[in-house]
Amino acid sequence: MCRRQKIRGYSLLELLMTLGLLTIILTLGVPSFGNISANQRLMTQTNALFHDVHRARKESVVRRRVVSLCPTFNGEACEPGSDWSAGWMMFVNLDRDWPAVRDPGELVLRRYQTGRSARIMANRRSFSLRSTELRATNGTVIFCDPAGRGTARALVISYTGRPRVAYKTRRGKPFKCAD
């Protein structure tokens, strides 16, 4: 007795339908993944500066000295200007100069390199946190995705030195990134 074996496989029509459905799913999913990835990079940079502001505030109280944060490219000197995209450093500002400039002999407490995954602009050249006698420097640091995929956000630092993250201005409009 001859038994016929049934050949199992996919027909051309089934294969084309599967490939078409896969193409539609990938077309919809890949841009969303890009947005998620961009927002994650922005959140990482925002959280890093958020925690460094808290740490600078704590260090100023413990050391009873002014502790400053400023943008830097090399981790040794403060850069003039408001572009924080390359990174920042935290140091003990012994001479309390404004805007803060790291002088020889001033201890660097932390350096942070961003890797240029976000565009970071501030309305201050530096932020100085003081232990108790005077107010801290207030200001806003805006984090943007260079490709425009992520949602812009801002780190708002109050006179008391407390940071908070905001996604909209006081007028309820989203933050705009300078080109």
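**Exercise 1. Arg 96 and its backbone**

Task: Decide whether Arg 96 is buried, partly exposed or exposed in this predicted model, and state what sets its phi apart.

Solution:
- Start with the cover. Arg 96 has a relative accessible area of 43%.
- Apply the cut-offs. Buried means under 20% and exposed means over 50%, with partly exposed in between.
- Arg 96 is therefore partly exposed.
- Place the residue. Arg 96 sits in the loop between strand 2 and strand 3.
- Turn to the backbone. The phi of Arg 96 is near 55°, a positive value in a residue that is not glycine.
- Most residues other than glycine have a negative phi.

**Exercise 2. Another positive phi**

Task: Find where Arg 64 lies, give its phi and classify its exposure.

Solution:
- Arg 64 is found in the loop between helix 1 and strand 1.
- Its phi is positive, about 55°, although Arg 64 is not a glycine.
- The relative accessible area of Arg 64 is 57%. The cut-off for exposed is over 50%, so Arg 64 counts as exposed.

**Exercise 3. The loop between strand 2 and strand 3**

Task: Say which peptide bond is cis at Pro 99, and place Leu 94 relative to Ser 68.

Solution:
- Pro 99 lies in the loop between strand 2 and strand 3.
- The bond from Trp 98 to Pro 99 is cis, with omega near -10°.
- Most peptide bonds are trans.
- Leu 94 also has its place in the loop between strand 2 and strand 3.
- At 47% relative accessibility, Leu 94 is partly exposed.
- Leu 94 and Ser 68 are 26 residues apart along the chain, and their C-alpha atoms are separated by 9.7 Å.

**Exercise 4. Salt bridges that involve helix 1**

Task: How many salt bridges does a search of the whole structure find? Work through the pairs formed by Asp 145 with Arg 41 and by Arg 110 with Asp 52.

Solution:
- The search finds five salt bridges.
- Take Asp 145 and Arg 41. The closest N and O atoms of this pair are 3.9 Å apart.
- Asp 145 lies in the loop between strand 6 and strand 7, and Arg 41 lies in helix 1, so the pair ties together parts 104 residues apart in sequence.
- Check the cover of each partner. Asp 145 is buried at 10% relative accessibility, while Arg 41 is partly exposed at 32%.
- Take Arg 110 and Asp 52. Here the closest N and O atoms are 2.7 Å apart.
- Arg 110 belongs to strand 3 and Asp 52 to helix 1, so this pair ties together parts 58 residues apart in sequence.
- Asp 52 is buried, at 3% relative accessibility. Arg 110 is partly exposed, at 27%.

**Exercise 5. A salt-bridge network**

Task: Which residues are linked with Glu 76 in a network of salt bridges?

Solution:
- Begin with one pair. The side chains of Glu 76 and Arg 102 meet in a salt bridge at 3.4 Å, N to O.
- Glu 76 is in the loop between strand 1 and strand 2, and Arg 102 is in the loop between strand 2 and strand 3, so the pair ties together parts 26 residues apart in sequence.
- Both are partly exposed: Glu 76 has a relative accessible area of 39%, and Arg 102 has 22%.
- Extend the pair. Glu 76, Arg 102 and Arg 111 are linked in a network of salt bridges.

**Exercise 6. Core and surface**

Task: Which element gives the largest share of the largest nonpolar core, and which leucines form a nonpolar patch on the surface?

Solution:
- The largest nonpolar core has 23 residues.
- Leu 49, Leu 69, Trp 84, Trp 88 and Val 141 have the most contacts inside this core.
- Elements that each supply at least two core residues include helix 1 (12-63), strand 1 (67-71) and strand 6 (139-144).
- The largest share, five residues, comes from helix 1.
- Now the surface. Leu 12, Leu 15, Leu 16, Leu 19, Leu 22 and Leu 26 form a nonpolar patch.
- Together these leucines have about 600 Å² of accessible area.
- Check one member. Leu 16 lies in helix 1, and Leu 16 is exposed, with a relative accessible area of 52%.

**Exercise 7. The largest pocket**

Task: What is the volume of the largest pocket, and which elements give two or more residues to its lining?

Solution:
- The volume is about 300 Å³.
- Lining residues include Asn 138, Thr 140, Ile 157, Arg 164, Lys 168 and Phe 175.
- Strand 6, strand 7 and strand 8 (163-166) each give two or more residues to the lining.

Definitions and conventions:
Residues are numbered from 1 along each chain as its sequence is written. This is a predicted model: local features need pLDDT of at least 70, side-chain atom pairs count only at pLDDT 80 or more; totals for chains, interfaces and linings use all residues. Side-chain values use heavy atoms; hydrogens and water are left out. A nonpolar core is a set of buried Ala, Val, Leu, Ile, Met, Phe, Trp, Tyr and Cys residues joined through side-chain atoms within 4.5 Å. Buried means under 20% relative accessible area, exposed over 50%, partly exposed in between (1.4 Å probe, protein chains only). Helices (H or I, at least four residues) and strands (E, at least two) are DSSP runs, numbered from the N terminus. Patches are made of residues with over 30% relative accessible area and no salt bridge: like charges are joined within 9 Å, nonpolar side chains (Val, Leu, Ile, Met, Phe, Trp, Tyr) within 5 Å. Accessible areas come from the Shrake-Rupley method with a 1.4 Å probe; for residues, only the protein chains shown count as cover. A salt bridge is a side-chain nitrogen of Lys or Arg within 4 Å of a carboxyl oxygen of Asp or Glu. On a 1 Å grid over the protein atoms alone, a cavity is a set of points where a 1.4 Å probe fits but cannot get out, and a pocket is an open set with protein on both sides within 12 Å along at least five of seven lines; lining residues have an atom within 4 Å of a point. Grid points are joined across faces, edges and corners, and a volume is the space filled by probe spheres set on the points.
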